[in-house]
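Reader: I would like to know what the terms used for this structure rest on. Please set each value against its definition.

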Amino acid sequence: MGPNWTGHHPRAAWRGLLNDGKVGEHMQTKVNDVVSLERRGNVAVISIDNPPVNALSHPVREGLLASLRYAIADEDARAIVLVCAGRTFVAGADISEFDKPPQPPSLHESLDAIEVSTRPVVAAIHGTALGGGLELALACHYRVAVGSARFGLPEVNLGIIPGAGGTQRLPRLVGVNTALHMIATGAMIGATEALQSGLIDQIVEGDLTEGGVAFARQVSAEPRQHPRVRDRDEKLAEARAEPHLFDDFRASIARKSRGFLAPGVAVTAVEAAVNLPFDAGIARERQLIAELLQSEQSKAQRYFFFAERKSAKIPGLAADTPVVNVSRAAVIGAGTMGGGISMVLANAGIPVTLVEQNAENLERGLGVMRKNWEATAARGGSSQGQVEERLARITPTLNFEDIADADLVIEAVYEQLKLKKDVFAQVDRYAKQGALLATNTSGLDVNQIALATARPERVVGMHFFSPANVMKLLEVVRGDRSSDTAIASAMNMGKKMGKVPVLVGVCEGFVGNRMLAARGKQADRLLLEGALPHQVDRVMFDFGLPMGPYAMADLAAGIELRWRRRQETGEMDFIGDRLAELGRFGQKVGKGYYRYEPNSRAPLPDPEVEEIIREASRREGLQRRDISDQEILERLVYPMINEGARILEDGVAIRPGDIDVIWVYGYGWPTYRGGPMFYADSVGLAQIRDRLVALQAQHGDFFRPAALLERMAREGRRFQDWEQTRSAATVGS
Ligand code: 3H9
């Protein structure tokens with residue numbers, strides 16, 4: 001055994017580390033608050049402990065570099081192992097430091113120190129090695145990991161690319177195709193794939209640090225030069241022989257990455273790895289990331305990263321609030337929504353009792369579920385065995401009493417208040433005490449629905465978005481009487497089902513659909529004034545949304561739904577009514593606001609519709625005019641922002657960031673624009689207020705700026721600086 005860290009060795013540069021002389025074998029010496037050193041025989045172990053995810057914040061970089069220097073200077077340390085405490089290996093650079101002036105040392109300095117070390121450095125990985133964390137591991141001579149570890153360079157999701165050599169080293173190890181996939185799409189891979197692709201050298205069974213030390217001991221005993229990733233060229237040479245590789249890859253991601261800057265830049269950086277010497281490639285990577293870091297897109301995406309995480313936190317709700325443990329659920333209604341929700345539950349491993357009133361509906365619902373699951377299996381997303389397993393989790397029934405053993409009951413019947421109240425009266429009769437009762441209404445009054453039961457404190461809204469098995473958003477609606485347990489349970493279940501749950505209060509349409517309605521009113525008005533559906537839709541599509549209001553209406557049976565609602569309320573809408581009377585119910589019948597060729601989803605402008613729109617303008621006495629794209633954009637988006645401000649005034653959303661999360665996950669708002677409220681900041685609240693005032697003068701009170709917007713504009717404030725911490729109890733009240 002060699003000397004320990006107490007400095008028995010006279011050349012031990014880490015002597016200055018010592019505090020009380022008690023450091024020895026298997027004892028950790030703190031280099032600073034977040035990094036410590038230990039000796040296990042002739043292997044030095046550097047351990048990072050910076051909860052929650054061991055991000056490379058300034059003290060970590062400082063401690064890491066210092067400990068590397070100490071370990072490298074110790075002649076008796078034949079090898080160095082790098083591990084992390086807590087739930088994960090380093091999950092990346094500290095994103096919260098990006099907007100602050102850089103503080104040395106940079107991560108590059110540690111990576112350089114590792115690379116020049118003649119003693120092998122082994123990264124021992126658990127949890128997720130992400131971004132700068134994976135780059136740190138890539139600079140090491142070897143990498144070992146536990147079987148559950150995952151690896152990724154998710155920087156594109158923050159609007160940047162890896163900036164510590166990831167774009168240059170990863171393709172050298174795993175090959176250009178896998179590297180492109182990981183770097184340009186942010187995809188993670190598991191330990192088995194990492195081993196097969198050459199990213200890691202060994203999967204460790206048992207204790208990771210022990211395994212890493214054993215591996216380090218073994219390689220350090222071998223008389224050989226330890227490999228540096230920078231020196232590898234075989235896999236790059238393979239790519240050089242495939243001249244179309246990069247163009248093909250660009251084409252393959254074009255649709256999904258439309259509008260985003262970073263994925264294309266990521267491809268450019270990997271191209272540099274293939275075509276330039278290593279150091280020149282690193283320089284190119286640095287230049288590219290520096291440009292992206294300054295971009296509005298990256299600012300928006302970083303903002304969104306934190307907004308999403310904040311949305312899970314509910315002020316006033318104690319962390320130890322008891323939650324309902326859901327081991328069985330019941331869904332009422334086997335239509336599109338009920339079926340989708342049942343699929344989500346079954347996918348999460350929860351058995352579901354699916355209740356319908358007639359056998360035919362039940363049969364049809366089950367058929368659709370099977371078809372959807374089989375389509376996933378056909379795409380390779382699951383096995384046929386999993387399809388059967390999931391179907392077996394669904395117990396169809398025509399008897400309401402069968403909900404009695406469910407811990408969670410979700411009602412998903414037709415969107416009509418009276419019907420929903422009747423259903424809840426039944427639910428109240430049969431559901432067990434303590435069950436969480438949820439309505440999937442997309443905008444009806446949850447308070448009234450709750451009052452149909454004798455236990456309104458157990459009732460919440462769980463508003464899934466269609467298709468429920470695909471869309472990530474879940475609006476959890478807090479009723480006046482919903483208890484903390486009901487809220488915490490619904491949020492908890494949302495996460496378990498793989499959704500992004502956001503707490504909202506009761507109002508017509510909640511947050512998402514209330515803002516959508518404001519946009520829809522203006523879109524229809526623009527049609528009357530001179531625009532056509534395809535122009536309105538194109539403006540929204542070019543802005544970055546997946547589709548505009550009319551393509552969306554055609555997809556989601558909007559014409560029919562609104563027509564039926566108008567029949568209940570007695571409202572009139574010339575264009576909508578005419579389309580409905582002509583049976584133009586959207587994509588499913590091949591015509592709506594657009595016409596569709598058989599087996600095609602491509603919306604084609606239809607003269608019949610345009611004539612109806614012109615007729616509507618004539619009836620309103622409006623002289624149709626050319627409307628600029630800019631005017632369309634402002635008249636669609638500014639009322640949404642204004643409505644968002646009213647939603648905040650009313651306390652229906654906790655914070656602006658929650659509204660943004662809703663729009664990104666529920667409606668496909670592009671993350672590179674942050675969300676409607678972040679977008680408002682980037683335009684400037686004063687400018688939006690001024691434009692609304694001008695529009696109000698022209699078109700009336702619909703555009704009157706919300707008091708909150710007015711006030712924030714006057715005070716020069718931004719939504720992203722919102723620090724209002726309303727207690728959960730006030731949301732929705
Ligand atoms: C990078 O590395 C650039 C380099 O190439 C350049 C080098 C020069 N920084 O998600 P969770 C916080 S860019 C700061 O709820 P999970 C998070 O805000 C980075 N904070 O946990 C939250 O805080 P709070 C590339 C971070 O278990 C808490 O940790 N890496 C960071 O569901 C828990 O997070 C990434 O993009 C960070 N990097 O998921 C990885 N990461 O509790 C980003 C997390 O106060 N991170 N926090 O709300 C993730 O994907 C997930 O957090 C992870 C854990 C999968 C790690």
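Author: Ala, Val, Leu, Ile, Met, Phe, Trp, Tyr, Cys and Pro count as nonpolar, Asp, Glu, Lys and Arg as charged, and the others, Gly among them, as polar. By that division the shell around the ligand holds 14 nonpolar, five polar and six charged residues. This is a predicted model, in which local features need pLDDT of at least 70, side-chain atom pairs count only at pLDDT 80 or more, and totals for chains, interfaces and linings use all residues. Residues are numbered from 1 along each chain as its sequence is written, and side-chain values use heavy atoms, with hydrogens and water left out.

Reader: What makes the pair between Lys313 and the ligand a polar contact?

Author: A polar contact with the ligand is a pair of N or O atoms within 3.5 Å. An N or O atom in the side chain of Lys313 is 2.6 Å from an oxygen atom of the ligand, so the pair qualifies.

Reader: How do you know that the backbone of Ile95 makes one?

Author: One of the backbone N or O atoms of Ile95 lies 2.9 Å from a nitrogen atom of the ligand, so this pair also meets the cut-off.

Reader: Why is helix H4 called mostly covered?

Author: Buried means under 20% relative accessible area (1.4 Å probe, protein chains only), exposed over 50%, and partly exposed in between. Nine of the nine residues of H4 (166-174) are buried, so the helix is called mostly covered. Among them are Arg169, Leu170 and Arg172.

Key. Polar contact = N/O pair within 3.5 Å; in protein donor to acceptor, adjacent residues only side chain to side chain. Helix = DSSP H or I, 4+ residues; strand = E, 2+ residues; numbered from the N terminus.
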